[in-house]
Amino acid sequence: MIEAQNLSFSYRTGEEDAVHALRGVGLRLEPGEFVALIGHNGSGKSTLVRLLVAVLHPTGGELRVDGIPVRPGNELEVRRRISVVFQNPDDQLIMNRVADDVAFGPENLGLEREEIAARVGFALRALGLEEISEHLVEELSPGQKQRVAIAGALAMRPRFLVLDEPTSLLPAPVARRLILTLRELNRREGTGVIHVTHSMSEAALFDRVVVLDGGRVLMDGSPAQVFRRSDQLREAGLDVPLAVELAGRLRARGLPLGDGVLDAASLREALAGLRGSRAEACGP
Amino acid sequence: MLELQRNVIFGQFVDTGSVVHRMDPRIKLGAAFVLVVASFLVDTFLGFAILGLLAAAIQAVSRVPPGYLLRGSALFLGFLLFILAFQVLFYAGEVPEGGYLWRWGILSVSTAGLESAAILGLRVILLYYVTTMLMLTTSLVDLTAGLEQIFSPLQRLRVPVNELVLVFVIAVKFVPIFIEEIERLARARTARGVPFDEGGALTRARRIGRLLVPIFVGGFARADVLTTAMQVRCYRGGRHRTRLRQLAAAPSDWAALLAVVAWAVAAWWVSGAL
Amino acid sequence: MTTGSGSGSAFGLGVRQIVVAGILGGIAILLGATRIGFIPVPNLSGSATIMHVPAILGGALEGPVVGLLAGGIFGFYSWLYAEVPLFKDPIIAVGPRLLIGVVAWAVFVLLRRVNLDLASAAAGVFGSLTNTVGVLGLGVLLGYLPPAAVVPIVPQAVVEAVLAAVVTVVVVRGVTLFRSGRTTAPEVKDEERRY
Amino acid sequence: MSGEPLIELRDLRYTYLAGTPKASEALRGVSLRIGEGERVAIVGPTRSGKSTLVAALVHLLRLGRGQVFYRGEDIAGPGYDRAALRREIGVVFQQPETQIVEDVVGADVAFGPTAAGLSAEETRRRVRESLDAVGLPYERFRLRYVHALSGGQRRRVALAGVLAMRTPVLVLDEPAAGLDPRGRRELLGLLRRLLSGRSLTLIVCSASLEGAALLCDRAVVLDAGRVVMDGALREVLEEADRLAALDVTLPEAAALARELRPVFPGLPAGVLDGEELEAEILKRLGAA
């Protein structure tokens, strides 16, 4: 479990040009949650990620991971529980061969060889990388490299997997497949996922959406709850998925579409229902 | 044009799947070490002839086409001839009576000079052959794994073996990334009218310097991310690490190493005894 | 930006030192492998190298340990792939290269307070000379070169030192500017200013 | 297209690292004619040959086979003035950092005009005009250090540097990749405004049709070094399934239309925004 209470962080604390990246964030994430963290550049989401893995330490308030406070001295205990994947795999993959890189984290924990092998096997399978486990990282596509990075984080067997904009450099279809893989992993293994993104259509695929703006939590709820406040989202520099926007417009035209529209699939269902009922109404 | 990778000979490992390729990298490194030492100790033609036979045997077993080996060595051979010419002309050792074939001031050509230059040439060719064959038959990944495991006992003496190998691993990892980056840089700048490969030496040095600034600045930024990435993956130095990949030397590998040692000792012994 | 274990001082071997040395070593390999580190000059060998510049920069900007390691990578690479017979001897290939960054660090630290460009240029020159003097010295000592062979290589050494100085100054300026956090350049007073 | 095209590519072939074990065919016979004033999107997945095509266009590589003609002249021909060509075709590359050659914003924008031999006065005028045009007000930004800018701002500096050359042809390689929604919206809005008043010939290369759809009216789709589709933007969008199979990111409206087709067979995917899609859906619901 992750608990943040009145969590604050500033760069260059106490100096004149201090930057207040987080200003009192309250957040509670239960084990196994599947969460999207969104916000435009500068909203504080990358700072939050760095706090979560104890690369930075709070300058105010409190952050606990499974009850362990994030502060100097506790880094290792925190990082055993939360693994992070950064935006550009080129800057975080270390070893030159896929399996070796996935093994890098477990090796640092000083685990037995059999245990490392089991974890690496598990992570490679979960991300569909078994076939290329002996390939060189440099020969892979950007999407594959990102999967290797995620497998490396997963092999740590963390409670939470934090993904810091892993999809921003990938084409939308590739990004979507990656998120579906994560969803599957979350369902099967119960690994909590915190996915940082600025794509709303990606956020729609998650159970819970946390919107950061100006270092504060602007919204926190299900995608449906969040997307309903489209004007506020736009103010925060974010987009509403077109499916949601379109449902709103159709609703404004008097079509009874309901609140459940989050993405293309749910819009399609709603419209199919509508069409069916109309066909009945006009039927023989 | 601007295909910088074209020139890259780094890590060009030709996988013929031969016995030599499949050999444990530690054994290959050990054998290479033995041959490097032998090249220093042996100083007769007969000794080098014996080592040459061994090289020929390795060549045959490895199935690396000799043409491939020779193709990259033109420049090396040119430099070698240059150095050997100097060795002969400036030979400063003892020259027996009547040993001079030609003499002019401090320059001379003597049989003793020719002989010593030839031995030096053979020695350097052997060294060249050993490293080149090592690189042609061993992937960089295997090479680094081998290096780490050979030296891992030193870790107990507080020599940071794992760390040193990791420096090399990171260097190797970034080479293709940087090549791609610098190709892009060179292209974009050429399109703006700043080709890096024109002009006099100083202009070029300045332009290459400016071309390298983003590589260095970007490199330091990448270093920050990678440092963080390693820390969040719980890296705390080599002492705490266990390893997944284990190298296994087959009995035949050991036999091969033993054969190389025996052969090298024989070459040395023949050299010394005669 | 990073905190916690392993940041280390300039003399320690922390995670950051490992990574930076690796990256600088990678740049040295890049310069050699793509041959852009060989600048054509009209002399015997036809080109002067700047492959040792990353080691110089490692020493100047990150301390002696990073300089030493980056030089070590350069040396190891040049032993494996060298086309110059001298470097096929691992002692010559690696030994002097370890010192390039250390010398550059000492010179740079000594002169930094006087003037940054001067310090960079001097680090470039002395780092470069460490390389050539070390390599040629060992070459003579170990019997690969007769002492007289050093003479035609002197102009090469001078050219390489000058080029290393030029590249070091340009890169140190760029990196220092980047790290300074300054956002705005001073106004240009020149009448001919184009912006 | 009438008369002679402005740019003509004839059977372009290029193998990257030809003759080495890493050889890969980047272009396998691309022919294309682009008329003056056309706005063409060249889309395709990663490694489909887009970047190679851009490089070929301004002669940054030597083609294995095929020719590039600009205003009827072969740009690889002997004596062809390639420096002049690069003053005609301005390229904004994918990562703007790669093409910024000076530390200071103003100096970088002035670089091209200075190199082209323009007077200090004219150069200054162009720097002012281009910086203002890309939404980086001249007075505030001319002395800023490039490294201290955000990614989006740097992209604008790169664009200003090209605009200052007043090239009749503008090539944008992945103009919006990596920007957040706000940055992307701003940049695309800016490009639309820039284009509205001019008779520029525009070529946009991207793995995504999302931004390109706002700027272009013709789309050329590349796959594995070949042209697999070429036509009016809307017609190409109609083949949404084929595009999706190539991992090309569709404009959001087109992607949504594609998903809604099971409910409304024949729903056009060639829609560019939500309003059009809404109208189409209403039309169909009305009919039902």
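**Exercise 1. Work out how chain C and chain B hold polar contacts and salt bridges across their interface.**

Start with the polar contacts: four residue pairs, both partners at pLDDT 80 or more, turn up across the interface of chain C and chain B. Here a polar contact is a pair of N or O atoms within 3.5 Å; within protein, one must be able to donate a hydrogen and the other to accept it, and residues adjacent in sequence count only if both atoms are side-chain atoms. Before going on, a word on the setup: this is a predicted model, where local features need pLDDT of at least 70 and side-chain atom pairs count only at pLDDT 80 or more, while totals for chains, interfaces and linings use all residues. Residues are numbered from 1 along each chain as its sequence is written, chains are lettered from A and ligands numbered from 1 in the order in which they are written, and side-chain values use heavy atoms, with hydrogens and water left out.

Next, salt bridges (a side-chain nitrogen of Lys or Arg within 4 Å of a carboxyl oxygen of Asp or Glu). The rule finds one between chain C and chain B. Asp224(B) pairs up with Arg16(C) in a salt bridge, their closest N and O atoms 2.5 Å apart.

**Exercise 2. Find how much area is buried between chain C and chain B, and how many residues touch.**

Take contact as heavy atoms within 4.5 Å. On that basis, 66 residues of chain C meet 67 residues of chain B.

Now the area. Buried area is the accessible area (1.4 Å probe) that two parts lose on being put together, summed over both. For chain C and chain B that comes to about 5900 Å², with 83% from carbon and sulfur atoms.

**Exercise 3. Do the same for chain D and chain A.**

Count residues: chain D puts 28 into the contact and chain A 35. Then the area: about 2900 Å² is buried between them, 60% of it given by carbon and sulfur atoms.

Finish with the pairs. Five salt bridges cross the interface of chain D and chain A. Asp247(D) makes a salt bridge to Arg177(A), with the closest N and O atoms 3.0 Å apart. Polar contacts join eight residue pairs between chain D and chain A, both residues at pLDDT 80 or more.

**Exercise 4. Is Glu122(D) buried or exposed, and what does its side chain touch?**

Glu122(D) has a relative accessible area of 16%. Buried means under 20%, exposed over 50% and partly exposed in between (1.4 Å probe, protein chains only), so Glu122(D) is buried. Its side chain makes a polar contact with the side chain of Arg125(D), at 2.5 Å.
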